[in-house]
There are 2 protein chains.
Amino acid sequence: MRKIFRELVSLEEAKNIINKNYNYKLIQKTEKIPLIDALGRVVARDYFSSIDVPGFDRATMDGYAVKAEDTFWANEENPVEIKIIGKVEAGEVPKFEIGNKEAVEVSTGAVIPKGANAVVMVEYTERVDDKILVYKSVTPGENVLSAGSDLMAGELLVRKGTVLTAREIGMLSAAGISEVEVYKKPKVAVFSTGNEIISPGNKIEFGKIYDINWATICSAVKENGGDPIFIGIARDREEEIKRKFIEGMEIADIVISSGGTSAGVGDLVYRVINELGEPGVIVHGIAVKPGKPTVVGVVDNKLIFGLPGYPTSAFMIFELLVAPIIRKIAGLAERERAKIRARLSKKIQSVLGRREFLPVSVIKGKEGYSAYPVSGAYSAVISAIAESDGFIEIPENKVMLTEGEEVEVTLFSTLRPADLVIIGSHCIGIDLVIELMRKKRPWYVKVINVGSSGGLSAIRRGEADIAGTHLFDEVSGEYNIPYLLKFSIKNAYLIRGYFREQGLIVKKGNPKKIKGIEDLLRKDVKMINRNPGSGTRMLLDYYLKQMAMNLNDRFENLIRKINGYEIEAKSHTAVAVAVLTGKADVGLGIRSVAEMYGLDFIPLREEEYDFVIPKDKFEKQPVKDFIETLKSDEFKNEIKKRVKGIKPRDDTGEIVFQV
Amino acid sequence: MRKIFRELVSLEEAKNIINKNYNYKLIQKTEKIPLIDALGRVVARDYFSSIDVPGFDRATMDGYAVKAEDTFWANEENPVEIKIIGKVEAGEVPKFEIGNKEAVEVSTGAVIPKGANAVVMVEYTERVDDKILVYKSVTPGENVLSAGSDLMAGELLVRKGTVLTAREIGMLSAAGISEVEVYKKPKVAVFSTGNEIISPGNKIEFGKIYDINWATICSAVKENGGDPIFIGIARDREEEIKRKFIEGMEIADIVISSGGTSAGVGDLVYRVINELGEPGVIVHGIAVKPGKPTVVGVVDNKLIFGLPGYPTSAFMIFELLVAPIIRKIAGLAERERAKIRARLSKKIQSVLGRREFLPVSVIKGKEGYSAYPVSGAYSAVISAIAESDGFIEIPENKVMLTEGEEVEVTLFSTLRPADLVIIGSHCIGIDLVIELMRKKRPWYVKVINVGSSGGLSAIRRGEADIAGTHLFDEVSGEYNIPYLLKFSIKNAYLIRGYFREQGLIVKKGNPKKIKGIEDLLRKDVKMINRNPGSGTRMLLDYYLKQMAMNLNDRFENLIRKINGYEIEAKSHTAVAVAVLTGKADVGLGIRSVAEMYGLDFIPLREEEYDFVIPKDKFEKQPVKDFIETLKSDEFKNEIKKRVKGIKPRDDTGEIVFQV
């Protein structure tokens, strides 16, 4: 047997070890850049104003600069006559000193001449030759912005560490500052390792996968104030990886590799970092999930991270461990991610002894937020984080969280509440409705495909505005309505959708000569299934139960004989593509997607696809737009034109039932 | 009398008029850019995956690919013997098909060979020549990431309109996409107008002010997804302004000027836009404050904004009217600014018939948030928005808001809660404490200078962690302690600060031969005062009241005779600079700032400057750091070295009183 990571450390320990072995202050540099390029940059010192703004008493109105005292008894009946002795435009230096009963014409922004202490607005005067009649009195200081009333010389403009927005940039500009000293963005060299990795844009070959981490990590470096330099892909060879590290250390302050860190045949990164110099590897394995096989090294006060190759592992370790250091060097405060409380939508199991950071999607419902966790071996898949809103943290000693348990979700970015939330069964018809309705008003629509049952649960919890459903009741022979009762849905409408032709999707020309459900039992036929809770899965299981009865077999036995029953696709489209690419010979699905991919279709029945909408969501504009679009001739014509197998009905878009 | 804006329209009307006269869709363009440069950009179409990710069943562990069934009875006592028929590294195409009791060595990421359906981790095997002993059974699918389980071909990757973060960029990269179609940033030409405007970086002359709007507006264009092009400053001449507009229209989609829009001698922008073409000016004046003299024009489907020249007016109109259009062209959703409820810290008056957008600072207290509004003619000063956290909206028909009234504050950016909030009297000693304590831990400290009284009120409302105070009680002759009772402060400590020498700050050499308070009455002496509620102001008023008694005069009469009594500076520093620059001959202040600016100082008395800290804030780490620093020898030595007139005491930093 082989070496396991000798000493997993906790995340906190890892941070402490880095702090002990690495001094980010030695890396931190500043630079002077033009103010106009400084948006989003971090100022590296306190800035004070060296001047008064404005530098003089300034007219805030067009009018006449006067001694206020001269106007004290002026009113509409009894104007005061004042002599004009000159004119000052904005930007001019006045050559006048105003005496009693004298005025100088000033435009907005002009210097108030000596002797004057107020401006009479031009609207309240009448000019007669070289005199004005003043119809309204002014008080001392009226319509005058006194020197230094915006900024006084000596005043603090921006504090060291401020991230510049338009507003602070305006302050600095007002004080005449045209260049600003900011923290230099730390240079971060990034490379990927792996024999199977190829760069996006190139043709993919069997056995290869596109490099994900280069893009994710380079972008995340930027997000955190760093300057990423991608230096390519290294094959799994010691010499090649070493060369990349040396190249990275020459051009950057921090070097990040991904891949090659697991305790496998490789474990190359660990060995290579130790060869680069002292102290070499300082952390080898962290007690977290995902991201355990992380390596951290320090050589010549350059910080080196060997991130795991899996995209979600690499991203999470970057966020938890690497980003805070890049931010420090860049002068940025720790990233403040918003946190919200949410209830788990389902039970989850975690691992003992490692802290887990589990990605979740967040939906707002009647009783607050629900967190929908990703499922399966998520560390290996980028979709786990890309489609999530944030993550929950599960302590080392906790192995089980129950459904409905309250958790704290750390959000990846601001939780942008969707204008319209559609949770339920996936349908190409919904995609079309969304496309058409967004032409009118570009609502932000969130679609979570969890199957018909999941949609009804979401309606019950008040999380969905609309749920698409096509659930067949074996007892009544009816679609959908019986399930509103089964799921205890209250105060909701059932809106008529359309017919969808369900059947078997098979390859073009049907080479395996599949005729019906019974062919799924053939040894030479491989199927692809749908996820549990989807209407399609229910329909398949309904057919299979009937078949089991006919064969005098148990359903559980029967499905074990079906090749591919356990492989689940998340959508109709995914089923069609699986058949298209030869991963499966057959799958149950709707005609429309079969047509879309040029596949053959063996019809089984017409199912009723409808929508459930809670009454209290019915008046929301995006919901109204959805229904209006569904009812429209445009939708009906377009769906017929584009999609065979979806058939609008006479009452499509109408309320057909309510609970 | 002169033309007033003929027809002010509401903000909503202005938006409608623009929508009717301008079609942003005609301007909207897309461009293809490398994925790696796409962070923060907005995708211009839906992106689907054209491949499965991974494209094959993939080993997730180093080990041996086997038929799971062959391992079913394996355990630590009874290992199963399996023959190794080869090896597959990641990236290789396997040439094997596994039969019964056969295995292929695989490394993480490798293709699972035909016939195999699981991977036994290397840790649970022992190699003997060309065989392995398997000590643990695996189930079908174990340690295998099946094809398409990250992304399936046909799956939606990112929706049109998505702002790309590292996570979506990872998704696109996983699908092999190396270039992405995004909305082109609209080009926005920006220029400033005004004879008095000069560019930062140049020497300032009397009567001129630095250009603020170029920097604010260009940066705000960037913040909202646009590409600003600054085309310079135009003097207030019709021809010059017209040339700038024409230049802007040639190179940009939108042109923004600032200044020259008021109904004054100028009003040039209005006339020039009408000369440029049809339809010309479509909005001339908006019923808002600030920002009334805004001009909007359309010529050849180019949108033209004539923003007011005042910085806060220009910025607010940009945010309310211009930014939403730039965002639309850039494909961005409307900026979602967080809103919070807060209570007004003081009464405010608004204008009838115009909607007011009033900047406020926000502080969190015991009973929620307090909003501290800016005061005075804020539209003309950039500090009004730069030092605020957000703004409140006051409806057209409301002229008065009371102290304590609940308002909704729209935040400029995320309200970053300060680690330490110091509200009260300004002191250079505090600046030093902050500087020293931030060396250890870089806390974000918010200092609001509202004078000693304002500080005590903030303590009472639970808004301040620390209040600096130097309030002299005329009756007891004591500092600060009597005021804890007068302000009904409860559950707070008084922490000993230091002595500060108060006196008159006069010009170097004291040319006016000022000897004491009585000289303020001299006609040839101009003073600068401090804001009401400040300890310094109280001390001055105390002296003046004594003088009034001696002169048998009323205090109210006496102060009217003092030249400059009504001019208020917000801080000691500001007083010193006023004297330095000749704006005043004398001001009351502390010795330290007089020394700092090389001014002369006439001592009056030693005042006691102390700190009030609520008991429930006492254990906060930043508060502890503050007190620890205050007590430290480093502070005491440094303050003596740097600042004459501030004298630490034996018990500096100790609790000297509690309520």
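This is a short exchange on how some labels in this predicted model are earned.

Reader: Why is B:Ala68 called partly exposed?

Author: Count its neighbours. B:Ala68 has 18 C-beta neighbours inside 10 Å. Buried needs 20 or more, and exposed needs 12 or fewer. The count for B:Ala68 falls in between, so the residue is partly exposed.

Reader: Where is B:Ala68, and what does B:Ala68 touch?

Author: B:Ala68 sits in the loop between strand 4 (63–66) and strand 5 (80–88) of chain B. Leaving aside residues up to four places away in sequence, B:Ala68 touches B:Asn117, B:Ala118, B:Val138, B:Thr139, B:Pro140 and B:Glu142. Take B:Asn117: 49 residues separate B:Ala68 and B:Asn117 in sequence, but the C-alpha atoms are 6.2 Å apart in space.

Reader: What makes A:Asp650 exposed?

Author: The count again. A:Asp650 has 6 other C-beta atoms within 10 Å. Exposed means 12 or fewer, so A:Asp650 qualifies. A:Asp650 is in the loop between strand 37 (646–648) and strand 38 (655–658) of chain A.

Reader: B:Asn480 and B:Ser488 are in loops too. Why is B:Asn480 called buried?

Author: B:Asn480 has 25 C-beta neighbours inside 10 Å. The cut-off for buried is 20 or more, so B:Asn480 counts as buried. Its loop runs between strand 31 (467–469) and helix 10 (481–486) of chain B.

Reader: And B:Ser488, buried or exposed?

Author: Exposed. B:Ser488 has 9 C-beta neighbours inside 10 Å. With a limit of 12 or fewer, B:Ser488 therefore counts as exposed. B:Ser488 lies in the loop between helix 10 and strand 32 (492–506) of chain B.

Reader: What makes the phi angles of B:Asn480 and B:Ser488 worth a remark?

Author: Their sign. Most residues other than glycine have a negative phi. B:Asn480 has a phi near 70°, which is positive, and is not glycine. B:Ser488 is not glycine either, and its phi is near 50°, again a positive value.

Reader: Which peptide bond leading to A:Pro54 is cis?

Author: The one from A:Val53 to A:Pro54, with omega near -10°. Most peptide bonds are trans. A:Pro54 is in the loop between strand 2 (47–48) and strand 3 (58–59) of chain A. In chain B, the bond from B:Val53 to B:Pro54 is cis, with omega near -10°.

Reader: How do you know that helix 3 of chain B is mostly covered?

Author: Ten of its eleven residues are buried. Among them are B:Trp214, B:Ile217, B:Cys218 and B:Val221. The cover includes helix 2 (166–174) of chain A, and also strand 13 (187–193), strand 16 (227–234), strand 17 (254–258) and helix 6 of chain B. Just after helix 3 of chain B, B:Gly225 takes a positive phi of about 90°.

Reader: How many residues does each chain bring to the contact between chains A and B?

Author: Chain B brings 95 residues and chain A brings 94. On the side of chain B that touches chain A, helix 2 of chain B gives the most, with eight residues. That side of chain B divides into 50 nonpolar, 29 polar and 16 charged residues.

Reader: What span is expected of helix 11 of chain A?

Author: 24 Å, at 1.5 Å a residue. The expected span is 1.5 Å times one less than the number of residues. Helix 11 (residues 535–551) of chain A has 17 residues and reaches 24 Å from first C-alpha to last, close to that expected value. Its buried residues include A:Met538, A:Leu540 and A:Leu544. Just after helix 11 of chain A comes A:Asn552, with a positive phi of about 60°.

Reader: What describes the packing of helix 8 and helix 15 of chain A?

Author: Two packed helices are described by the angle between their axes and the distance between the axes. For helix 8 (residues 428–440) and helix 15 (residues 621–631) of chain A, the angle is about 115° and the axes are 9 Å apart. The crossing of these helices of chain A is right-handed. A:Val433, A:Leu436, A:Met437 and A:Lys440 of helix 8 meet A:Asp625, A:Phe626, A:Thr629 and A:Leu630 of helix 15. By class, that contact has five nonpolar, one polar and two charged residues.

Methods: Residues are numbered from 1 along each chain as its sequence is written. Chains are lettered from A and ligands numbered from 1 in the order in which they are written. This is a predicted model: local features need pLDDT of at least 70, side-chain atom pairs count only at pLDDT 80 or more; totals for chains, interfaces and linings use all residues. Helices (H or I, at least four residues) and strands (E, at least two) are DSSP runs, numbered from the N terminus. Two residues are in contact if their C-beta atoms, placed from the backbone, lie within 7 Å. Ala, Val, Leu, Ile, Met, Phe, Trp, Tyr, Cys and Pro count as nonpolar, Asp, Glu, Lys and Arg as charged, and the others, Gly among them, as polar. Axes are lines fitted to C-alpha atoms, for helices over the stretch in contact, and angles run from 0 to 180 degrees between N-to-C directions. A crossing is left-handed if the near helix is turned anticlockwise from the far one by less than a right angle, and right-handed if clockwise.
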